[in-house]
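Biologist: I am new to this structure and should be grateful for a close look at a single part of it. Please concentrate on the places where the backbone departs from the usual, and then describe the surroundings of one of them.

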Amino acid sequence: MKPTVVLVGRPNVGKSTLFNRLTKTRDALVADLPGLTRDRHYGHGRVGDKPYLVVDTGGFEPVVDSGIMHEMARQTLQAVDEADAVVFLVDARSGLTPQDKIIANQLRQGSRPVYLVVNKAEGMSRAMVVAEFYELGLGEPWSISGAHGEGVRELMDEVLEPFADEAPAEDPRHPKFAIIGRPNVGKSTLVNAILGEERVIAFDHPGTTRDSIYIDFEREGKPYTIIDTAGVRRRAKVNEAIEKFSVVKTLQAIEDANVAVLVLDASLDVSDQDATLAGFALEAGRALVVAVNKWDDCGEDQKLRIKHSIARKLHFLEFAKYHYISALKGQGVGELFKSIDQAYTAAMCKLATPKLTRALQVALERQSPPMIGLTRPKLRYAHQGGMNPPIVVIHGNALDKLPDSYTRYLEHSFRRIFKLEGTPLRVQYKSTD
Ligand code: GDP
Ligand code: GDP
């Protein structure tokens, strides 16, 4: 599992600047799709062989509690609670402030490793910069410049040191799918509907309380693993604990799955949170099936409304199949599995180089790449660079400046030619000049 690193600190210390630096490489792989909802508080990054998830707590509203402004809002505390490591930023330019001390006090009570990081330290002597921050009692301070990238690599090497390198992708012999969605859309009900009628082989892979529950089962003789992001709450009900909706848990489940099943509540319009979750699945490159649940609960008017709402807010998911189901009544679950199977097969497809290159030629003949200045980019041949999502690497000359719209055209073409339904597909370029 990817470790989660959370960035905390009072406003203006440079959290979002550092966040952007830590997530830069990954973002570059995903073309900006119109309508794609990006949540700039959560991102993926990688240092060497170590991938990580990073959370920027910067945009969270401070909570006013008995007249005192608490620097760490409730959500910030939850993020800290779910993190594997905490990067606590302070500002070399403004020096130690009372708010820094309040935050340090809270962090010292937690059980996560905390890295005290003095930011904006470019052009300053390290010894001078860090001196006053020892009194926070969080050990040896680091000094970095998030804006200039100084010291960031060294810091991240240390933060990630305890965590394993990325495991080599296991050969996926059967679909692993995650049931995701905001609270109350019917995830638990759907998991029960799926498992109720199936023979459960092994229950509950062990995990910590913040993890999703993994369940292996068979359906019509075929093995699956379901990742149940709502399951922890059911288990916790015994203690009357109220499960907080956890974005981190959802993100990790998406990462770990081959296929994400996004559950929507048909009795309500598509919300920003639905669109954000869909955006996460897309950014992770996961195959996606959308289950529009509680269809039994909808009159004709609402059925039309939700379809319009989907068309307006989720149009960037044009590759995904939609199912209108009732988890409560067990309606539509069988059809849902057909799409899960199809999306899995598409996500795992193997595309031979000659076939891909031929498909490229077909796409080029139908619509040639635009001139860039005086040159026309030359797309010569294509090979597969990965799966889940399928990545098509195109070799040629002057490919760097191809517009996103042309890249999207190629993605659509490959998907159509190879009949890849339910999975996003990525096109990357390798220019020889
Ligand atoms: P946040 O509120 O903690 O997310 O802080 P921001 O990332 O928005 O940064 C606040 C201000 O500090 C901005 O004007 C940044 O340009 C600036 N800043 C961020 N990192 C650095 C740095 O490493 N050096 C300097 N000199 N300024 C920085
Ligand atoms: P979760 O928070 O996403 O796991 O949602 P739950 O599975 O706990 O369901 C939330 C509420 O929606 C419960 O009261 C369910 O009984 C109800 N519900 C779930 N699926 C359906 C459905 O298909 N139709 C109707 N009418 N209600 C449903």
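Modeller: A residue counts as exposed if 12 or fewer other C-beta atoms lie within 10 Å of its own, and as buried if there are 20 or more. The model is predicted, and the description that follows rests on it.

Most residues other than glycine have a negative phi, and most peptide bonds are trans. E220 is not a glycine, yet its phi is positive, at about 50 degrees. This residue sits in the loop between β11 (213–219) and β12 (222–228). Because 7 other C-beta atoms lie within 10 Å of E220, the residue is exposed.

K120 likewise is not a glycine and has a positive phi, of about 65 degrees. Its loop is the one between β7 (114–119) and α4 (126–130). K120 has 23 C-beta neighbours inside 10 Å and therefore counts as buried.

The next place concerns a peptide bond. N388 and P389 are joined by a cis peptide bond, with omega about 10 degrees. P389 belongs to the loop between β16 (378–386) and β17 (391–397), and the surroundings of this loop deserve attention.

Both strands take part in an open sheet of three strands, in the order β16-β17-β18 and with mixed pairing. β16 and β18 (426–431) are at the edges with a single partner strand each, so each has one side without a neighbour in the sheet. On average, neighbouring strands here are turned by 30 degrees against each other, if direction is ignored. In general, strands of a sheet pair through backbone hydrogen bonds, in either a parallel or an antiparallel manner. β17 and β18 run parallel and are joined by six bridges. Within this sheet, I391 stands opposite R426 of β18. A helix also meets the sheet: α12 (residues 353–366) lies across β16 and β17, and its direction makes an angle of about 135 degrees with β16.

Finally, a word on the bound molecule. Ligand 1 is surrounded by 16 residues, the closest being G14, K15, S16, T17 and A147. Helix α1 (residues 15–27) supplies the largest share of this shell, namely three residues. By character, the shell around ligand 1 holds ten polar residues, three nonpolar and three charged.

Notes
Residues numbered from 1 in each chain as written. Chains lettered and ligands numbered in written order. Predicted model: local features only at pLDDT ≥ 70, side-chain atom pairs only at ≥ 80, totals over all residues. Helix = DSSP H or I, 4+ residues; strand = E, 2+ residues; numbered from the N terminus. Near = placed C-beta within 6 Å. Nonpolar A, V, L, I, M, F, W, Y, C, P; charged D, E, K, R; others polar. Pairing = 2+ DSSP bridges. Axes fitted to C-alpha atoms, helices over the stretch in contact; angles between N-to-C directions. Contact = placed C-beta atoms within 7 Å.
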